[in-house]
Amino acid sequence: MVVLVACGSSTQADGDAGNDAGSGDVVVSDVVTANDVVTTNDSATPSGAWSLGYYASWEADAYPPSEIEWSGLTHVAASFYLPQNDGTLTLLGANPSVMNDLVVAAHAHGVKAIASVGGADSGPMFQKATASANLTKFVGNVVTILESGGYDGIDIDWEPITAPDEAIVIDLANKIRAAHAGAIMTLAIGYINPNAPPDTSQYSGIAAVYDQMNIMSYGMAGAWSGWNSWHNSPLYQTDSHTPLSIDQTVKAYEAVGVPKAKLGIGIGFYGLCYSSPVTAPDQALGGSTIVANDGTMSYANIMSKYFSSSARQWDPLARVPYLSFSSPHAPDGCTYISYDDQQSITEKGAYVKSSGVGGVMQWEINEAYIASAPIGQRNPLLTAIHDHVLH
């Protein structure tokens, strides 16, 4: 679930600066300890937003479906079914029984189960699987997974979607629904660089046939020429050297006819680790690189290997936390780590409710599971989504 973009100019962010965590304000705890009591506000009125979490099938042994905090989800996406050149599909990294357990557990908790087709760099595979000679076979195989697996719908994670792909992305949803009426259809879409926007000429048509269009709004920084250091999943930005934010991406999709109510904003359950000399956001790179990200820099690893209250800072513009170190910090030599936590999820929940977007999406929920925590405290970010996005 990675999107690469080039540097560009910024657009003015909306909103006030928010609260600085270093100014004496109360901050939502960044890490769950054995002494913390974590509860969910089940009595609060539901917000009507959705929360779709990707479940990594290849990590099922470390994070079985029985350990998921289901109250933080409305939809779970079983990841991934990979399209093959001949129109068949293969399940990545898991025994099919694990996916069956996931579907059964989701339904037992009132959560919709979605089969996710695709994944990072899957565009070429989709193009071959949906070629005219294979399209009917491919749709039939997708519908077979939907029906035999007991899924409620299909997630199309076609990466990247290029302009020639847009028509078939629409056709896929129509053909799947024609074969299985009532199937939920969701789509993963990229964040937008305002200086180099993709062709989105058919996105209003895409929005007409998909129930959700979830923005992969994480990994929104890199050691790219002309850039400063930036955040993994920032809500706002104003600097031309850091031109990416969730807010400007939402506005860009709205401008091409995508209803806000069909957009979901992404929350990374992992972070980005910069090397020296960068120690904070919006600094000149000076040779700094991203030395670790998705997987290695999971939220669980950040908490166990890097976090300290003295290192944690808050960016009042981007409305996300970060860790700052004066010298390389083991095990990956990080001097600046950008990530999401309970406070930034609270901010993103407020954004969902005030902006009119439909909900949130998480990549991937396995990465925020803290196995060593007491029962009821092992999924702190999903708990925060329950409390501050869904209610």
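**Stop 1: D315**

Select D315 in this predicted model. D315 is buried, yet it has no salt bridge. Which side chain of opposite charge is nearest to D315? That is R319, 8.2 Å away. Show the backbone as a cartoon, and D315 turns up in strand β11, which covers residues 312–315. Now display what surrounds D315. Leaving aside neighbours within four places in sequence, D315 is in contact with W230, H231, P281, V320 and Y322.

**Stop 2: the cores**

Keep V320 selected. This contact of D315 also belongs to a core of 23 residues. Add W50, A221 and Y274, which are included in that core too. It is a second core, separate from the largest one.

Next, go to the largest nonpolar core, which has 99 residues. Which of its members touch the most others? Select Y55, V76, Y151, I156, Y210, M213 and I337. Then colour helix α3, residues 135–148. This helix gives the largest share of the core, 7 residues. As a rule, nonpolar side chains tend to be buried together in soluble globular proteins.

**Stop 3: helix α9**

Select residues 380–388. This is helix α9, and it is mostly covered, with 8 of its 9 residues buried. The buried ones are P380, L381, L382, T383, A384, I385, H386 and D387. What do they pack against? Colour three strands: β1 (50–56), β8 (263–268) and β14 (359–363). Then add two helices, α7 (299–305) and α8 (342–355).

**Stop 4: G286**

Move to the loop between β9 (272–274) and β10 (290–292), where G286 lies. Is G286 buried or exposed? G286 counts as exposed, because its relative accessibility is 66% and the cut-off is over 50%. Now pick A223 as well. A223 and G286 are 63 residues apart along the chain, and their C-alpha atoms are separated by 9.7 Å.

**Stop 5: the whole chain**

Zoom out. The protein chain has 9 helices and 14 strands. Of its 391 residues, 55% count as buried. The chain exposes about 14200 Å², and carbon and sulfur atoms supply 52% of that. Among contacts with a separation of 6 or more, 76% join residues 24 or more positions apart.

Finish by colouring the model by pLDDT. The chain averages 90, and 89% of the residues score at least 70. Then select residues 1–39, where the pLDDT is below 50. Beyond near neighbours in sequence, this stretch has 103 contacts in the model.

Technical notes. Residues are numbered from 1 along each chain as its sequence is written. This is a predicted model: local features need pLDDT of at least 70, side-chain atom pairs count only at pLDDT 80 or more; totals for chains, interfaces and linings use all residues. Side-chain values use heavy atoms; hydrogens and water are left out. Helices (H or I, at least four residues) and strands (E, at least two) are DSSP runs, numbered from the N terminus. Buried means under 20% relative accessible area, exposed over 50%, partly exposed in between (1.4 Å probe, protein chains only). Contact means heavy atoms within 4.5 Å. Lys and Arg count as positive and Asp and Glu as negative; His and the chain ends are not counted. A salt bridge is a side-chain nitrogen of Lys or Arg within 4 Å of a carboxyl oxygen of Asp or Glu. A nonpolar core is a set of buried Ala, Val, Leu, Ile, Met, Phe, Trp, Tyr and Cys residues joined through side-chain atoms within 4.5 Å. pLDDT is the predictor's confidence in each residue, from 0 to 100. Accessible areas come from the Shrake-Rupley method with a 1.4 Å probe; for residues, only the protein chains shown count as cover.
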